[in-house]
Every structure is written in C-alpha cells, then in structure tokens.
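Ready for some practice in reading a protein model? Work through the exercises below, and try each one yourself before you look at its solution.

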Amino acid sequence: MSSARPRTRRSAPAGRRARLALTGPAALLAAALTACSGGDSGSAEVGGDGKAPDTSVTVNLRGEAAAPGKPVKVTLAHGKLKAVSVKPGEGGPLAGKISADGRTWTSDRVAAPGTAYTVEATDADGGSDRATFATAKAGKVNKLSLAPGKNTTVGIAQPLSVVFDHPVKNKAAVEKALKVSTSNNTEGSWGWLQDYSGKDRVDWRPKEYWKPGTKVTLDARLNGVDTGADGGWFVRDYATTFTIGAAQVVKVDLDGHRLSLHRDGKQVMDLPMSAGTPGGEKASWRGTAVLMSKEGTINMRSETVGLGDAYDKMVDYSMRLTWSGMYAHAAPWNAGFFGRANRSSGCLGMSDGDAAALYGQVRAGDPFEMTGAEAKGTVAEGNGYGAWNVSWTDWQAKSALK
C-alpha cells in the first residue's frame with residue numbers, strides 16, 4: 001500500500017506492535033498510522049516469525065464519486081475492530097454495528113448522494129487511521145409532501161399521507177424507510193395508491209379509527225434512497241408529528257336529507273340538509289370521506305368540476321371532503337329543499353346558521369360517513385382520504401412489504 005503522508009508512531013500495549021491501515025481497492029485510504037512498543041530496536045514482537053499481522057481495512061466505497069444508496073462497510077483483514085466512525089460533511093455520524101467476529105462494521109443506513117464522508121477506525125491493538133470518500137451527486141431529486149401538518153391535532157379518521165413529486169418504482173425500499181410510531185402501539189399499515197393528482201402516494205391508516213389522544217410520529221429516513229427510474233433520489237429525511245383529537249363522526253343520510261354530528265358516541269347535532277341531485281354527475285358520493293380542510297369563504301365555480309357554467313358563487317363555511325370538489329357548506333339558495341330533497345350540485349348544503357355551527361365543531365380528520373341510494377358511487381381512496389372504503393385485508397395488501 002502506498003503512503004500519502006508520513007507514519008506517526010504511538011504507544012501500544014508493551015511488547016506488541018499493532019498496525020491498522022485503512023485501504024481500498026484502489027488505495028482509497030492511503031495513509032497508515034502505526035503504534036509501536038517502547039525501545040529503539042523497532043522490531044515486531046508478534047508470533048515467532050518476526051512479521052507484523054495484516055491489520056489492513058477495506059472500505060467498500062472509495063474515491064470522489066462512489067455510488068450512493070449502499071451501506072458503508074469496513075472490513076478488517078485480521079484481528080478485531082474496536083470502533084468505527086463514519087461522518088457525513090454535516091450532521092451526526094452514521095450508526096452501525098461491528099460483526100460478532102469483530103472483522104467488519106456495517107452502517108445501518110445507506111450513503112446519501114452528493115455527500116462527503118470521513119471514516120475513522122480503531123482496532124483492538126490501538127492502531128487507527130482516518131480517510132475520506134464522497135458519493136456521486138443525484139442526477140434527479142425526488143421530494144414529497146406530508147399530511148397532516150406537523151404538531152397538529154386531527155380527527156380520528158385522518159391517515160398519514162405521503163405524496164411524491166416523481167414516480168416511485170422502488171416502493172419497497174421507500175416503505176422500509178418510513179417509520180411510524182404511536183403512543184399506544186396502534187395497529188396500522190401503509191397502502192400505495194394513486195393520488196387524485198395522478199402522483200404516486202402512500203397512506204398509513206390504522207385498522208380502525210384512531211383512539212383520541214394518540215400521538216403519532218413519522219420518521220421518514222429517506223436520505224440516500226433511490227426511488228427508481230424517472231423518480232430520482234431522496235437527498236434528505238422528513239418527519240412529522242400529530243395528535244388525535246376527540247372522537248367525532250359526522251353521519252350523513254343522503255336519502256333522509258339529514259346530517260348529524262356524534263361525539264364520543266353521542267349525538268350532539270342533527271341538521272336538515274340537501275345533498276347532490278341524484279341520477280347524474282351532480283349526485284353526491286357515498287361511503288366515508290374525511291374532512292380535509294376547513295376553507296371558510298371560497299369561490300366555487302362549476303367548470304372546475306366539469307359541470308359547465310351551472311354556478312359561480314362565493315360560499316361560506318366551506319368544509320372540503322374530496323379533491324373532486326365535494327364540500328359541506330352553507331347553501332341558503334337551496335333553503336326550500338333542506339330536509340326534503342337532494343337538489344345541490346354534489347355538495348352537502350345547509351342553512352347559514354347550521355353550517356356555521358357545524359363548522360365550529362368539526363376538525364380536519366373527522367370522518368363523514370355517507371349512506372343512501374341517491375349517490376353516484378363510493379369515494380375513491382385517492383379522492384381525498386378514501387382509504388376507509390377499502391376493507392382492512394385489501395388495504396394491507398396494498399403495502400409493498402406484504
């Protein structure tokens with residue numbers, strides 16, 4: 001092995017010479033640091049043949065453009081490793097483990113793209129060395145958006161939802177990096193689907209509605225994960241936390257033209273309403289939708305949902321239920337139909353007072369359980385948060401790890 005710098009002598013246990021040289025396939029780690037015993041003869045007192053043991057170490061990544069996405073592996077030719085540290089240019093060192101025989105150290109996580117690393121290793125005899133390598137930059141970077149927002153309180157039906165900027169072909173690799181923890185060991189599963197926007201998406205939902213007070217954390221350890229062709233690499237980690245609020249369910253009887261709010265199993269509100277006109281695209285959806293957001297007063301235009309020029313209104317107390325444009329909101333222009341008939345363009349319309357009362361009580365993540373024959377179909381899983389319309393068995397089958 002060639003040497004790029006002078007060797008430095010250190011003291012080692014009396015009567016032994018230990019040498020640890022970090023080397024790579026192409027002399028990646030070029031310099032050795034030698035620890036010698038006292039005295040001035042310089043002779044090696046190892047075994048009976050006068051030869052020092054081979055304590056060279058091989059690192060699987062080398063140079064200035066090493067392939068990212070692989071664990072860092074350090075292998076000692078003979079003897080035992082005592083400690084290994086692999087640090088990126090910024091942030092803390094990679095965690096890793098020394099094998100049972102002491103010969104190798106492997107990082108728990110992979111090397112990230114476009115990152116410089118410093119490797120430091122020490123063997124059991126006190127030999128040590130320091131070296132560097134860098135990984136190639138990502139040709140394409142993938143990013144994501146998370147819901148719900150960090151440190152929010154949401155309803156009992158809110159899934160943890162991840163939408164990706166670019167396609168994800170290596171779904172299993174991505175899913176392995178998504179670590180969900182809850183304060184009460186809630187059973188749940190990831191499920192892959194296509195978002196209403198057409199992008200790849202993965203949601204984590206519990207088997208049943210969340211228990212109030214549950215604290216949920218996502219640790220998305222994605223830095224260095226390759227999402228596959230056309231997707232690119234992740235170059236950072238993500239995290240979010242949220243808490244589950246009160247057990248609230250909104251029950252919508254499409255055929256009976258009524259909407260009721262239940263809290264902790266008790267009905268606290270019962271309101272007349274008018275849903276979508278049956279028999280066509282203006283009909284409402286059935287199934288369970290999840291309140292996505294409370295948007296206040298917004299402009300609703302029929303052409304944005306494929307209904308021509310039927311309406312263009314400013315609408316108060318707007319509560320979004322789907323990406324396709326289904327809301328619960330105030331609809332005073334339909335007052336004659338509340339509790340009597342479904343005559344809206346797909347939304348759940350109420351009086352100003354009733355809509356204001358409901359708006360003040362519900363929160364994002366509350367389920368709207370809609371039943372009745374006067375519907376155009378069931379809310380799709382990617383149209384908002386429709387995962388609750390899929391059986392638990394079928395939802396689990398959508399995981400890339402099942």
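**Exercises on strands, cores and charges**

In β27, Thr371 is the bridge partner of Asp253. Keep in mind that this model is predicted.

**Exercise 1.** Find out in which sense β19 and β27 pair, and over how many bridges.

*Solution.* Begin with the two stretches: β19 covers residues 248-253 and β27 covers residues 367-371. These strands pair in the parallel sense, over four bridges.

**Exercise 2.** Place these strands in their sheet and explain which strands stand at the edges.

*Solution.* Step one is the order: six strands form an open sheet, β21-β20-β19-β27-β22-β28, with mixed pairing. Step two is to look at the ends: β21 (266-272) and β28 (375-378) have a single partner strand each, so one side of each is left without a neighbour in the sheet. Step three is the twist, which averages 25 degrees from one strand to the next.

**Exercise 3.** Work out what lies across β19, β20 and β21, and what Leu358 touches.

*Solution.* First, helix α2 (residues 352-361) lies across these three strands and runs at about 150 degrees to β21. Next, turn to the largest nonpolar core, which has 27 residues. Its largest share, three residues, comes from α2. Leu358 is among the residues that touch the most other members, along with Val252, Leu259, Met319, Leu348, Met350 and Phe368. Finally, leaving aside residues up to four places away in sequence, Leu358 touches Leu259, Leu261, Met269, Leu271, Met319 and Met350.

**Exercise 4.** Describe the hairpin of β15 and β16.

*Solution.* Start with the pairing: β15 (residues 188-194) and β16 (residues 200-206) are antiparallel, over seven bridges. Within this pair, Ser189 stands opposite Arg205. Now look at the turn: five residues sit between the strands, and Gly198 takes a positive phi near 95 degrees. Last, check the cover: five of the seven residues of β15 are buried.

**Exercise 5.** Decide whether Arg109 and Asp237 are buried, partly exposed or exposed, then do the same for Arg201 and Asp195.

*Solution.* Arg109 and Asp237 meet in a salt bridge (2.8 Å, N to O), one that links parts of the chain 128 residues apart. Buried means under 20% relative accessible area, and exposed means over 50%. Arg109 has 28%, so Arg109 is partly exposed. Asp237 has 31%, so Asp237 is partly exposed too. Arg201 and Asp195 also form a salt bridge, but both of these residues are buried. Salt bridges with shared partners join Asp195, Arg201 and Asp203 into one network.

Terms used: Residues numbered from 1 in each chain as written. Predicted model: local features only at pLDDT ≥ 70, side-chain atom pairs only at ≥ 80, totals over all residues. Heavy atoms only, no water. Pairing = 2+ DSSP bridges. Axes fitted to C-alpha atoms, helices over the stretch in contact; angles between N-to-C directions. Contact = heavy atoms within 4.5 Å. Core = buried A, V, L, I, M, F, W, Y, C linked by side-chain atoms within 4.5 Å. Buried < 20%, exposed > 50% of the residue type's maximum accessible area, 1.4 Å probe, protein only. Salt bridge = Lys/Arg side-chain N within 4 Å of Asp/Glu carboxyl O.
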